[in-house]
Amino acid sequence: MKSYLFTKTDRILKRSEFLFLSKYGTKIHNKLFIAVIDKGKIDKIRIGITVTKKVGNAVVRNRLKRLIREYFRLNKDNISGNWNINLIVKKEAAGLSSKLINSSLHTLFKKIGKEYC
RNA sequence: GAAGUUGUUUAGACGGUCGCUUGUAUUUAUUUAUAAGAGGAAAGUCCGAACACCACAGAGCAGGGUGCUUCAUAACGUGAAGUCGCGGUAACGUGAAGGAAAGUGCAGCAGAAAGUAUACCGCCUUGUUUUUUUUAAGGUAAGGGUGAAACGGUGCGGUAAGAGCGCACCAGUUUUCCGGGUGACCGGGAAAGCUUUGUAAACCCCACCCGGUGCAAGAUCAAAUAGGGGAGCGUAAAAGAAUGAACUGCUCGUUCAGGCUUCCGGGUAGAUCGCAUGAGAUGUCUGGUAACAGGCAUCCUAGAUGAAUGAUCGUCACCUGGCAUAAAAUGUAAAAAAACUGUCAGGAACAGAAUUCGGCUUAUGAGCAGCUUUAACC
RNA sequence: AGGCGCGUAGCUCAGGGGUAGAGCGCUACCUCGACACGGUAGAAGUCGUUGGUUCAAAUCCAAUCGUGCCUA
């Protein structure tokens with residue numbers, strides 16, 4: 001049975017953790033995203049999302065965050081390991097449809113899987 | 001039908017699956033059930049308040065704001081109804097609309113002269129001269145040109161030429177009388193002086209208003225670290241008389257301090273409250289031209305904090321484009337176009353609560369209604 | 001969420017009612033055997049946008065659009 005839950009324990013919430021990631025993590029690029037990865041302490045994948053003001057107004061930014069969270073909720077079990085991942089969204093992702101973003105995330109995580117898992 | 005103008009409504013609907021946030025109940029260690037979950041602007045942060053803390057005897061100065069009248073309101077720079085001015089053929093729109101006869105400043109260039117008035121060309125008189133031209137003294141502001149703006153306008157009289165110098169009419173100013181209006185103001189009359197430039201969104205004057213900071217306000221709980229205060233234990237050994245403090249004018253000398261435990265106070269990280277029952281919403285009645293106010297009934301309707309309200313599928317509805325065509329109606333010599341139906345593809349604006357309300361401003365899809373102007377047809 | 005600034009030549013900035021300026025840069029010519037330096041001349045601006053006040057607005061007022069900073 002797959003669990004499609006996605007609670008706050010699966011997410012990075014504190015500013016200090018974000019700063020730690022940006023200091024010590026390694027970066028992987030894509031057309032639409034930048035992923036910053038580091039090993040975490042808990043045996044779980046934890047995800048933080050960063051969307052800067054450059055991307056768009058509040059509606060666009062919130063929509064991107066929701067789409068990314070939705071992707072992780074559905075595909076969490078396909079990714080193993082205990083990683084802390086910070087996803088930074090680039091300007092080009094604004095206004096794209098959900099299908100495009102999902103496929104882009106899929107290729108990104110294949111890349112991550114090759115290098116780490 | 002077209003163009004315009006004003007007001008108003010709405011922000012696709014329903015259902016399935018998987019999720020997110022909060023409340024309640026239940027189990028208990030995080031399950032299960034159930035309820036609720038963005039806007040007309042949530043935006044800009046341009047005003048006004050509530051609320052919290054700080055300051056404060058009272059008054060004034062400085063500084064800032066507002067500025068036709070009456071009303072509404074908790075308050076406002078907001079709203080309603082009017083007045084006057086301006087724009088528009090009209091519907092209607094729009095105005096920071098007190099004071100320039102309190103004072104000061106400014107008005108480039110051009111022009112004679114930019115506010116005390118003055119005199120370039122011109123007009124007229126007198127003197128010199130045979131005459132013209134020129135020139136000197138004086139009187140003028142009709143005419144000319146400049147400028148955004150030139151010191152009332154028109155006509156008649158008058159004069160050497162002219163001039164409110166005089167008169168008539170008109171415009172305007174001040175004072176005053178009568179009538180209407182709560183008032184801004186409107187209508188009518190009389191007198192005076194003959195006429196006063198513009199700018200206060202320049203300083204300023206007058207009237208009225210304003211203490212400051214903002215929920216990152218503020219309150220409570222409270223790890224850690226540094227330092228403070230109290231109490232207790234220890235001051236044994238080693239090292240040292242170097243450091244600080246007290247006693248003393250100074251020196252010698254004597255005493256205390258450095259460590260550990262615990263309590264108090266303080267408040268950082270963090271957590272909780274503030275935090276949603278309110279100048280509340282909906283319906284209805286009454287008063288008022290209206291803004292709005294009051295009565296009654298019903299209802300409880302988001303509360304996050306790297307920040308919840310999403311994704312996907314189906315059905316129906318709307319718009320645009322392509323393709324296909326049965327039947328009926330209108331019309332025609334015939335066709336085409338439009339409409340209907342089916343199917344495919346695409347579209348569906350502006351935009352996301354962050355303490356809460358009242359406004360303003362800006363962005364924006366669609367619909368409905370009233371009114372105005374006008375073409376064509378009947 | 002709340003508060004405070006700044007938009008002028010390609011760049012950095014003056015100008016705060018009378019019609020647009022400085023430095024660097026750019027272009028042409030002179031100088032030099034040639035380059036640099038130097039000299040002379042020139043071009044380049046809807047003063048962020050839209051309204052209003054005024055005879056006249058980069059300047060005063062209002063709205064708006066960008067952009068930066070502060071309060072953890």
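**Chain A and its surface near RNA strand B**

Phe 20 has its place in helix H1. The model in which this residue appears is a predicted one, and Phe 20 makes a handy starting point for a walk through it. With a relative accessibility of 45%, Phe 20 counts as partly exposed. Once its neighbours within four places in sequence are set aside, Phe 20 is in contact with Gly 25 and Asp 38. Lys 76 lies 56 residues from Phe 20 in sequence, and the two C-alpha atoms are 23 Å apart in space. Helix H1 also holds Lys 23. Lys 23 counts as exposed, because its relative accessibility is 65% and the cut-off for exposed is over 50%. From Lys 23 to Lys 110 there are 87 residues along the sequence and 24 Å in space, C-alpha to C-alpha.

Stepping back, chain A contains three helices and four strands. Read from the N terminus on, these elements follow the order α-β-β-β-α-β-α. Chain A has 117 residues, of which 37% count as buried. The chain exposes about 7,700 Å², and 55% of this area is supplied by carbon and sulfur atoms. How do the contacts in chain A spread along the sequence? Among those between residues at least 6 apart, 80% join residues at least 24 apart.

The next topic is RNA strand B. There are 23 residues around this strand, and Lys 8, Arg 11, Arg 66, Arg 73 and Ser 98 come nearest. Sorted by class, the surface near RNA strand B is made of 10 nonpolar, eight charged and five polar residues. Which parts of the RNA face the protein? Of the RNA strand B atoms within 4 Å of the protein, 72% belong to sugar or phosphate, while the rest belong to bases.

Individual atom pairs add detail to this picture. At a base, a polar side-chain atom of Thr 50 lies 2.7 Å from a nitrogen of RNA strand B. At the phosphates, an N or O atom in the side chain of Arg 63 is 2.8 Å from an oxygen of RNA strand B. Arg 66 has a polar side-chain atom 2.6 Å from a phosphate oxygen of the RNA strand. Three elements give two or more residues to the surface near RNA strand B: helix H1 (15–24), strand E3 (46–50) and helix H2 (58–75). Which of the elements gives the most to this surface? It is H2, with nine residues.

Helix H2 therefore deserves a closer look, since H2 gives the most to the surface near RNA strand B. Arg 63 lies in this helix. At a relative accessible area of 42%, Arg 63 is partly exposed. Leaving out neighbours within four places in sequence, Arg 63 is in contact with Leu 96, Ser 97 and Ser 98. Of these contacts, Ser 98 is also one of the residues that come nearest to RNA strand B. Asn 30 is 33 residues from Arg 63 along the chain, and their C-alpha atoms are separated by 19 Å.

Val 60 is another residue of helix H2. Val 60 is partly exposed too, with a relative accessible area of 24%. Beyond its neighbours within four places in sequence, Val 60 is in contact with Val 55, Ala 94 and Gly 95. The C-alpha atom of Val 60 is separated by 27 Å from that of Phe 20, a residue 40 places away along the chain.

Finally, some side chains pair through their rings. How many aromatic pairs does the whole structure hold? A search finds three. In one of them, Phe 72 and Phe 109 meet edge-to-face, with 5.2 Å from centre to centre and 90 degrees between the planes. Phe 72 belongs to helix H2 and Phe 109 to helix H3 (residues 98–116), so this pair ties together parts that are 37 residues apart in sequence. Are these two rings' residues buried or exposed? Phe 72 is buried, with a relative accessible area of 1%, and Phe 109 counts as buried at 9% relative accessibility. Ring pairs also bring in Tyr 71, which is linked with Phe 72 and Phe 109 into a cluster.

How values were computed:
Residues are numbered from 1 along each chain as its sequence is written. Chains are lettered from A and ligands numbered from 1 in the order in which they are written. This is a predicted model: local features need pLDDT of at least 70, side-chain atom pairs count only at pLDDT 80 or more; totals for chains, interfaces and linings use all residues. Side-chain values use heavy atoms; hydrogens and water are left out. A residue is near a molecule or strand if one of its heavy atoms lies within 4 Å of it. A polar contact is a pair of N or O atoms within 3.5 Å; within protein, one must be able to donate a hydrogen and the other to accept it, and residues adjacent in sequence count only if both atoms are side-chain atoms. Ala, Val, Leu, Ile, Met, Phe, Trp, Tyr, Cys and Pro count as nonpolar, Asp, Glu, Lys and Arg as charged, and the others, Gly among them, as polar. Rings of Phe, Tyr and Trp (its six-membered ring) pair if their centres lie within 6.5 Å; planes under 30 degrees apart count as stacked, over 60 as edge-to-face and the rest as tilted. Buried means under 20% relative accessible area, exposed over 50%, partly exposed in between (1.4 Å probe, protein chains only). Contact means heavy atoms within 4.5 Å. Accessible areas come from the Shrake-Rupley method with a 1.4 Å probe; for residues, only the protein chains shown count as cover.
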